[in-house]
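Welcome! Here is a short briefing to help you find your way around this protein chain. Take a look at the sequence and model first, then read on.

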Amino acid sequence: MLNAPVTSKFNLSIGGFVKLDYAYNSANFGQSGSAAPATGAVPKRDSTAGRQSQSIFTARASRIWLKVGGPTFLGAKTNALIEVDFYGDPSTAQESPQVKMRHAWGSLNWAKTSLLFGQFWDIFGPMTASTLDYRQAAPFGAPTNPRVPQLRITHEMDLDSTNSLKIVLGAQNPGQSGNNSGPVAAYSNFVGDMVNVAGQVMWINKTSGVSPGYWGLSMNSLTAGFFGLYGNQKLTTPSSRKKSMDSWGCGFYAFVPLMKSRDGKSRAMTMSFEAEAYMASNMAFNGATATNFVGSYDNPKAAMGYGLGAQVIFYPAQDLGISAGYFRRNALDYSDYKPNSDGTTDNFQEYSQNAYANIAYDLNAAIRIAAEYEYLNTHYGNSVPRGTSAMDGVSDSGSAHIARMSIFYFF
């Protein structure tokens with residue numbers, strides 16, 4: 001297996017991969033151009049960056065993890081994991097990457113219940129785009145990329161011999177206060193915010209067999225269910241009037257084995273379909289909305305939006321995988337972004353979309369080569385004259401065609 005660990009006598013596992021990426025972009029994304037823009041904002045076609053192309057190499061997506069299997073506690077197995085990559089500051093040169101903590105968690109695992117504490121995947125948005133792109137469509141309708149400090153409980157409830165429910169409930173770091181952006185970016189005096197509460201309820205059915213998930217590294221059963229998040233923050237407006245702002249989101253997720261594995265392990269002649277749709281408010285901290293707030297400086301309201309996406313993963317042979325998908329993030333009401341009362345206008349993303357297709361081949365148990373085509377498009381509202389915005393230009397959209405090649409060494 002590509003992700004099989006090597007275990008020491010201390011029950012310590014080490015794993016990860018070396019990944020070299022090459023990307024050709026028809027627009028210039030800057031120093032972090034090996035991945036799609038983190039905000040979902042593709043440079044406008046008549047801007048300086050939109051008229052430039054870019055060719056870039058990087059190895060900063062490489063990662064390493066350490067996992068410990070510890071002693072039991074109250075009948076539970078205990079585990080811990082620390083994982084890092086090298087995207088600590090994506091604006092630095094590719095030759096000078098910085099270490100970034102991805103995951104750092106401990107867990108207690110009973111037969112049907114587990115308790116996890118530390119930094120782990122955001123509970124909101126379980127879908128991950130199976131791209132070579134490091135962003136994995138997170139700012140384009142698949143808001144699962146951020147990893148947040150949290151405490152979560154997961155419980156699996158058997159309904160019968162083939163059906164079960166997986167229930168996840170957790171408290172997460174309230175990231176919204178650290179990502180105050182958009183037309184009310186002047187807000188700096190937060191009265192306070194509460195920890196976000198998030199959860200999932202998923203139905204799992206085993207009669208359809210299993211098929212490959214993300215990068216073909218996992219085998220998943222038929223799964224369908226709902227996820228959601230709620231939080232609240234209070235801020236002080238320029239007139240010193242306190243205002244409460246909710247953060248919330250809800251969505252639906254499904255994974256379907258269209259062609260199941262013949263033995264539950266082989267990927268040969270398997271096919272998977274995965275889809276997700278959500279609605280969110282004041283959730284730019286995980287990319288579910290493009291910004292946190294809309295409205296005027298003295299009367300803000302939460303930005304609302306929705307996202308959707310679907311992908312197909314097909315393995316015609318054990319070592320050959322083909323994936324394709326489409327994702328889109330959309331502002332809910334464009335009229336919320338009308339010009340401000342002071343006469344200024346704020347450029348905003350009406351929608352951002354991502355379409356991709358890739359192919360990967362495993363040369364052996366360690367080395368994988370892959371190639372990908374990706375199309376990104378952002379449509380803007382309230383376009384401003386050239387030279388008056390960081391995304392300067394008079395056009396109302398930006399697009400990029402991307403050719404990406406990757407080499408992995410899993411260990």
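Of the contacts in the protein chain between residues at least 6 apart in sequence, 67% join residues at least 24 apart. Please keep in mind that this is a predicted model. The points below go through the chain as a whole, one patch on its surface, and the confidence of the prediction.

**The chain as a whole**
- The protein chain has 411 residues, and 50% of them are buried.
- Its secondary structure comes to 21 strands and 0 helices.
- About 17800 Å² of the protein chain is accessible surface, and carbon and sulfur atoms account for 62% of that area.

**A nonpolar patch on the surface**
- Eight names are worth finding here: Leu12, Ile14, Val18, Ile64, Leu66, Val68, Tyr409 and Phe411 form a nonpolar patch, with about 620 Å² of accessible area together.
- Two strands, E2 (12–25) and E4 (63–73), each supply at least two residues of this patch.
- Leu66, one of the patch residues, is found in strand E4.
- Is Leu66 buried, partly exposed or exposed? Leu66 counts as partly exposed because its relative accessibility is 39%, which lies between the cut-offs of 20% and 50%.

**How confident the prediction is**
- The average pLDDT of the protein chain is 88, and 86% of the residues score at least 70.
- Over residues 179–186, pLDDT stays under 50.
- For residues 179–186, the model has 23 contacts beyond four places in sequence.
- Where pLDDT is low, the predicted coordinates should not be read in detail.

Conventions:
Residues are numbered from 1 along each chain as its sequence is written. This is a predicted model: local features need pLDDT of at least 70, side-chain atom pairs count only at pLDDT 80 or more; totals for chains, interfaces and linings use all residues. Side-chain values use heavy atoms; hydrogens and water are left out. Patches are made of residues with over 30% relative accessible area and no salt bridge: like charges are joined within 9 Å, nonpolar side chains (Val, Leu, Ile, Met, Phe, Trp, Tyr) within 5 Å. Accessible areas come from the Shrake-Rupley method with a 1.4 Å probe; for residues, only the protein chains shown count as cover. A salt bridge is a side-chain nitrogen of Lys or Arg within 4 Å of a carboxyl oxygen of Asp or Glu. Helices (H or I, at least four residues) and strands (E, at least two) are DSSP runs, numbered from the N terminus. Buried means under 20% relative accessible area, exposed over 50%, partly exposed in between (1.4 Å probe, protein chains only). pLDDT is the predictor's confidence in each residue, from 0 to 100. Contact means heavy atoms within 4.5 Å.
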